[in-house]
Amino acid sequence: MHRNLMKKFLCVLCLLPLTCTPLFAETHYKPHVSVGGRAGISMSKMSFSPGVKQGWLMGTAGVVSFRYSEEKIFGVIAEFGWEQRGWKENFEEASSLFSYTRSLTYLRLPVMTHIYFGGPRFKGFVNLGPEVSYMIGDKISSNFNYAAPGDIEGFPENRMVSQMSMDISNKFDYGIAAGLGCEFYVQPRHSISFETRLYYGLGNIFPSKKADIFSASRSMSIEATIGYNFRLR
(Lines give C-alpha, C1' and ligand atoms only; values in the text may rest on other atoms or scores of the structure.)
Protein backbone atom coordinates (compact mmCIF):
# COMPACT_ATOMS: atom_id res chain seq x y z
CA MET A 1 0.00 0.00 0.00
CA HIS A 2 2.79 2.42 0.95
CA ARG A 3 4.63 1.80 -2.31
CA ASN A 4 1.44 2.31 -4.39
CA LEU A 5 0.85 5.67 -2.72
CA MET A 6 4.43 6.70 -3.46
CA LYS A 7 3.99 5.76 -7.13
CA LYS A 8 0.80 7.84 -7.36
CA PHE A 9 2.58 10.78 -5.75
CA LEU A 10 5.43 10.40 -8.23
CA CYS A 11 2.96 10.52 -11.16
CA VAL A 12 1.49 13.75 -9.81
CA LEU A 13 4.98 15.29 -9.59
CA CYS A 14 5.68 14.25 -13.19
CA LEU A 15 2.57 16.06 -14.40
CA LEU A 16 2.95 19.16 -12.23
CA PRO A 17 5.48 21.03 -14.41
CA LEU A 18 3.44 20.29 -17.54
CA THR A 19 0.15 21.50 -16.06
CA CYS A 20 1.48 24.61 -14.35
CA THR A 21 3.69 26.01 -17.13
CA PRO A 22 0.80 27.05 -19.46
CA LEU A 23 -0.89 28.85 -16.57
CA PHE A 24 2.15 31.02 -15.92
CA ALA A 25 2.84 31.49 -19.63
CA GLU A 26 -0.48 33.34 -19.97
CA THR A 27 0.61 36.06 -17.53
CA HIS A 28 2.48 39.23 -18.47
CA TYR A 29 5.67 38.15 -16.68
CA LYS A 30 8.75 37.82 -18.84
CA PRO A 31 10.27 34.31 -18.72
CA HIS A 32 13.95 33.70 -17.99
CA VAL A 33 16.03 30.87 -19.46
CA SER A 34 19.27 29.79 -17.74
CA VAL A 35 21.91 27.11 -18.20
CA GLY A 36 24.54 26.02 -15.72
CA GLY A 37 25.82 23.22 -13.57
CA ARG A 38 26.48 22.16 -10.01
CA ALA A 39 28.75 19.68 -8.24
CA GLY A 40 29.51 18.54 -4.72
CA ILE A 41 29.36 15.60 -2.34
CA SER A 42 26.73 12.98 -1.62
CA MET A 43 26.00 10.84 1.44
CA SER A 44 24.04 7.68 0.76
CA LYS A 45 22.77 4.44 2.25
CA MET A 46 20.21 1.77 1.34
CA SER A 47 16.77 1.03 2.67
CA PHE A 48 16.98 -2.76 3.10
CA SER A 49 14.28 -5.12 4.31
CA PRO A 50 15.33 -7.19 6.24
CA GLY A 51 17.55 -4.52 7.72
CA VAL A 52 21.31 -4.29 7.26
CA LYS A 53 23.70 -2.66 9.72
CA GLN A 54 25.18 0.20 7.73
CA GLY A 55 26.41 3.77 7.74
CA TRP A 56 26.50 6.65 5.28
CA LEU A 57 28.80 6.34 2.27
CA MET A 58 30.42 9.51 0.92
CA GLY A 59 30.57 10.05 -2.84
CA THR A 60 30.37 12.75 -5.50
CA ALA A 61 27.53 14.26 -7.52
CA GLY A 62 27.23 16.72 -10.40
CA VAL A 63 24.88 17.83 -13.18
CA VAL A 64 24.43 20.23 -16.05
CA SER A 65 21.11 22.05 -15.85
CA PHE A 66 18.52 23.91 -17.90
CA ARG A 67 16.06 26.21 -16.13
CA TYR A 68 12.96 27.97 -17.40
CA SER A 69 11.42 30.37 -14.90
CA GLU A 70 8.76 33.05 -14.67
CA GLU A 71 9.54 36.29 -12.85
CA LYS A 72 6.81 35.64 -10.30
CA ILE A 73 7.76 32.54 -8.26
CA PHE A 74 7.69 29.51 -10.52
CA GLY A 75 10.04 27.61 -12.83
CA VAL A 76 10.99 24.20 -14.19
CA ILE A 77 14.48 22.60 -14.02
CA ALA A 78 15.79 19.70 -16.10
CA GLU A 79 19.21 18.24 -15.22
CA PHE A 80 21.52 15.52 -16.47
CA GLY A 81 24.50 14.22 -14.55
CA TRP A 82 25.85 11.59 -12.18
CA GLU A 83 25.67 10.60 -8.53
CA GLN A 84 27.54 8.01 -6.49
CA ARG A 85 25.20 6.08 -4.19
CA GLY A 86 25.56 2.88 -2.20
CA TRP A 87 26.28 1.98 1.40
CA LYS A 88 28.96 1.31 3.99
CA GLU A 89 28.67 -1.72 6.26
CA ASN A 90 28.70 -0.96 9.98
CA PHE A 91 30.59 -3.59 11.97
CA GLU A 92 30.16 -1.71 15.26
CA GLU A 93 32.68 -3.04 17.82
CA ALA A 94 34.65 -4.81 15.05
CA SER A 95 34.86 -1.73 12.83
CA SER A 96 38.65 -1.53 13.31
CA LEU A 97 39.04 -5.05 11.88
CA PHE A 98 36.58 -5.12 8.98
CA SER A 99 35.52 -2.65 6.30
CA TYR A 100 33.18 -2.97 3.35
CA THR A 101 31.74 -0.33 1.01
CA ARG A 102 29.76 -0.68 -2.21
CA SER A 103 29.67 2.38 -4.47
CA LEU A 104 26.99 2.52 -7.20
CA THR A 105 27.44 5.19 -9.88
CA TYR A 106 24.30 6.43 -11.63
CA LEU A 107 23.54 8.63 -14.61
CA ARG A 108 20.45 10.58 -13.64
CA LEU A 109 17.77 12.82 -15.09
CA PRO A 110 15.65 14.84 -12.63
CA VAL A 111 12.81 17.10 -13.87
CA MET A 112 11.74 19.37 -11.06
CA THR A 113 9.37 22.15 -10.16
CA HIS A 114 11.40 25.22 -9.07
CA ILE A 115 9.73 27.59 -6.59
CA TYR A 116 11.72 30.66 -5.58
CA PHE A 117 11.36 33.86 -3.57
CA GLY A 118 13.43 36.90 -2.68
CA GLY A 119 14.92 40.02 -4.29
CA PRO A 120 16.97 40.71 -7.44
CA ARG A 121 20.32 39.89 -5.78
CA PHE A 122 19.36 37.02 -3.47
CA LYS A 123 16.75 34.28 -3.77
CA GLY A 124 15.78 31.22 -1.78
CA PHE A 125 14.28 28.25 -3.57
CA VAL A 126 12.66 24.85 -3.23
CA ASN A 127 12.99 22.13 -5.90
CA LEU A 128 10.68 19.12 -6.03
CA GLY A 129 10.06 16.44 -8.63
CA PRO A 130 10.73 12.97 -10.04
CA GLU A 131 14.08 11.53 -11.02
CA VAL A 132 15.07 8.56 -13.18
CA SER A 133 18.57 7.08 -13.23
CA TYR A 134 20.62 4.21 -14.63
CA MET A 135 23.55 2.48 -12.95
CA ILE A 136 26.82 2.53 -14.91
CA GLY A 137 29.23 1.47 -12.19
CA ASP A 138 29.36 -0.99 -9.27
CA LYS A 139 32.53 -0.97 -7.14
CA ILE A 140 33.16 -3.02 -4.00
CA SER A 141 35.94 -2.17 -1.55
CA SER A 142 36.62 -4.66 1.26
CA ASN A 143 39.49 -5.90 3.41
CA PHE A 144 38.09 -9.45 3.76
CA ASN A 145 36.56 -12.19 1.62
CA TYR A 146 32.96 -10.95 1.55
CA ALA A 147 31.87 -13.99 -0.55
CA ALA A 148 32.46 -16.27 2.47
CA PRO A 149 32.46 -14.12 5.64
CA GLY A 150 31.38 -17.06 7.81
CA ASP A 151 34.81 -18.63 7.35
CA ILE A 152 36.62 -15.61 8.80
CA GLU A 153 37.72 -15.81 12.42
CA GLY A 154 36.23 -13.05 14.55
CA PHE A 155 33.66 -11.99 11.98
CA PRO A 156 30.52 -10.59 13.70
CA GLU A 157 27.75 -13.15 14.07
CA ASN A 158 24.00 -12.82 13.50
CA ARG A 159 24.15 -10.20 10.75
CA MET A 160 22.83 -10.06 7.18
CA VAL A 161 25.67 -10.72 4.71
CA SER A 162 23.94 -11.69 1.45
CA GLN A 163 23.96 -8.12 0.13
CA MET A 164 27.75 -8.04 0.09
CA SER A 165 28.15 -10.53 -2.77
CA MET A 166 24.79 -10.36 -4.58
CA ASP A 167 24.80 -9.16 -8.18
CA ILE A 168 22.76 -6.07 -9.02
CA SER A 169 19.65 -7.28 -10.84
CA ASN A 170 18.04 -3.92 -11.62
CA LYS A 171 20.21 -1.06 -12.84
CA PHE A 172 17.27 1.26 -13.55
CA ASP A 173 16.03 3.40 -10.67
CA TYR A 174 13.33 6.00 -10.18
CA GLY A 175 12.31 8.11 -7.22
CA ILE A 176 11.53 11.48 -5.72
CA ALA A 177 13.97 14.35 -5.18
CA ALA A 178 13.51 17.45 -3.04
CA GLY A 179 15.98 20.28 -2.62
CA LEU A 180 16.35 23.47 -0.57
CA GLY A 181 18.84 26.22 -1.35
CA CYS A 182 19.73 29.81 -2.11
CA GLU A 183 21.08 31.76 -5.10
CA PHE A 184 23.28 34.88 -5.19
CA TYR A 185 23.36 37.11 -8.29
CA VAL A 186 26.87 38.52 -8.72
CA GLN A 187 25.67 40.16 -11.97
CA PRO A 188 22.20 40.30 -13.55
CA ARG A 189 23.02 37.27 -15.75
CA HIS A 190 25.46 35.41 -13.47
CA SER A 191 24.58 33.65 -10.23
CA ILE A 192 26.03 31.20 -7.72
CA SER A 193 23.77 28.73 -5.91
CA PHE A 194 24.00 26.40 -2.92
CA GLU A 195 21.64 23.46 -2.58
CA THR A 196 20.99 20.53 -0.27
CA ARG A 197 18.94 17.79 -1.90
CA LEU A 198 17.32 14.58 -0.67
CA TYR A 199 16.64 11.61 -2.97
CA TYR A 200 14.46 8.63 -2.10
CA GLY A 201 14.45 5.75 -4.59
CA LEU A 202 11.40 3.60 -5.29
CA GLY A 203 13.17 0.89 -7.29
CA ASN A 204 14.97 -2.15 -5.85
CA ILE A 205 18.52 -3.09 -6.87
CA PHE A 206 18.04 -6.75 -5.80
CA PRO A 207 15.17 -9.17 -6.65
CA SER A 208 12.17 -8.48 -4.41
CA LYS A 209 9.68 -11.31 -4.89
CA LYS A 210 8.34 -13.26 -1.92
CA ALA A 211 10.89 -16.03 -2.37
CA ASP A 212 13.84 -13.61 -2.56
CA ILE A 213 16.11 -12.59 0.31
CA PHE A 214 15.21 -8.88 0.30
CA SER A 215 11.73 -7.44 -0.08
CA ALA A 216 13.23 -3.93 -0.39
CA SER A 217 16.65 -2.62 -1.44
CA ARG A 218 16.14 1.06 -2.30
CA SER A 219 18.62 3.91 -2.57
CA MET A 220 18.46 7.12 -0.60
CA SER A 221 20.93 9.97 -0.57
CA ILE A 222 21.63 13.49 0.61
CA GLU A 223 23.81 15.79 -1.46
CA ALA A 224 25.29 19.24 -0.92
CA THR A 225 26.38 21.14 -4.03
CA ILE A 226 27.53 24.51 -5.29
CA GLY A 227 26.43 25.68 -8.73
CA TYR A 228 26.80 28.35 -11.36
CA ASN A 229 24.03 29.63 -13.64
CA PHE A 230 24.13 31.90 -16.68
CA ARG A 231 20.89 33.54 -17.82
CA LEU A 232 20.53 33.37 -21.60
CA ARG A 233 17.57 35.74 -21.62
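In the predicted model, 15 aromatic pairs are present. One of these pairs is formed by W87 and Y100, whose rings adopt a tilted arrangement with 6.4 Å between their centres and 40 degrees between their planes. W87 belongs to strand β4, whereas Y100 belongs to strand β5, which spans residues 100-118; the contact therefore ties together parts that are 13 residues apart in sequence. Both partners are shielded from solvent by the criterion applied, under 20% relative accessible area. W87 is buried, at a relative accessible area of 0%, and Y100 is buried as well, at 1%.

A further tilted pair is made by F144 and F155, with a centre-to-centre distance of 5.4 Å and an angle of 55 degrees between the planes. F144 and F155 are each placed in the loop between β6 (122-142) and α2 (162-165), and they are 11 residues apart. F144 is buried, with a relative accessible area of 10%, and for F155, likewise buried, the value is 10%. W87 and Y100 also take part in a wider assembly, since one aromatic cluster is formed by F48, W87, Y100, Y146, F206 and F214.

Charged side chains were examined next. Side chains of opposite charge can pair when their charged atoms come close. The count of salt bridges in the model comes to 15. Among them is the contact between E79 and R38, in which the closest N and O atoms are 3.1 Å apart. E79 lies in strand β4 (residues 74-89) and R38 in strand β1 (residues 32-49), so this salt bridge ties together parts of the chain that are 41 residues apart in sequence. Both members of the pair are buried: the relative accessible area of E79 is 4%, and that of R38 is 9%.

A second salt bridge joins the side chains of E183 and R67, with an N to O distance of 3.1 Å. E183 is located in strand β7 (residues 172-187) and R67 in strand β3 (residues 57-69); the pair therefore ties together parts that are 116 residues apart in sequence. E183 and R67 are both buried.

R85 and E83 form another salt bridge, the closest N and O atoms being 2.9 Å apart. R85 is buried, with a relative accessible area of 0%, and E83 is buried with a relative accessible area of 0%. Through shared partners, salt bridges join R38, E79, E83, R85, R108, E131, D173, E195, R197 and E223 into one network. The network thus includes the partners E79 and R38 as well as R85 and E83.

R85 additionally engages aromatic rings. The residue lies over the face of Y106, at 4.6 Å from the ring centre, and over the face of Y199, at 4.1 Å from the ring centre. R85 accordingly combines a salt bridge to E83 with positions over the rings of Y106 and Y199, while being buried at a relative accessible area of 0%. Strand β4 recurs in these contacts: E79 of this strand pairs with R38 of strand β1, and W87 of this strand pairs with Y100 of strand β5.

Definitions and conventions:
Residues numbered from 1 in each chain as written. Predicted model: local features only at pLDDT ≥ 70, side-chain atom pairs only at ≥ 80, totals over all residues. Heavy atoms only, no water. Salt bridge = Lys/Arg side-chain N within 4 Å of Asp/Glu carboxyl O. Helix = DSSP H or I, 4+ residues; strand = E, 2+ residues; numbered from the N terminus. Buried < 20%, exposed > 50% of the residue type's maximum accessible area, 1.4 Å probe, protein only. Phe/Tyr/Trp six-rings, centres within 6.5 Å; stacked < 30°, edge-to-face > 60°. Lys NZ or Arg CZ within 6 Å of the ring centre and 35° of its normal.
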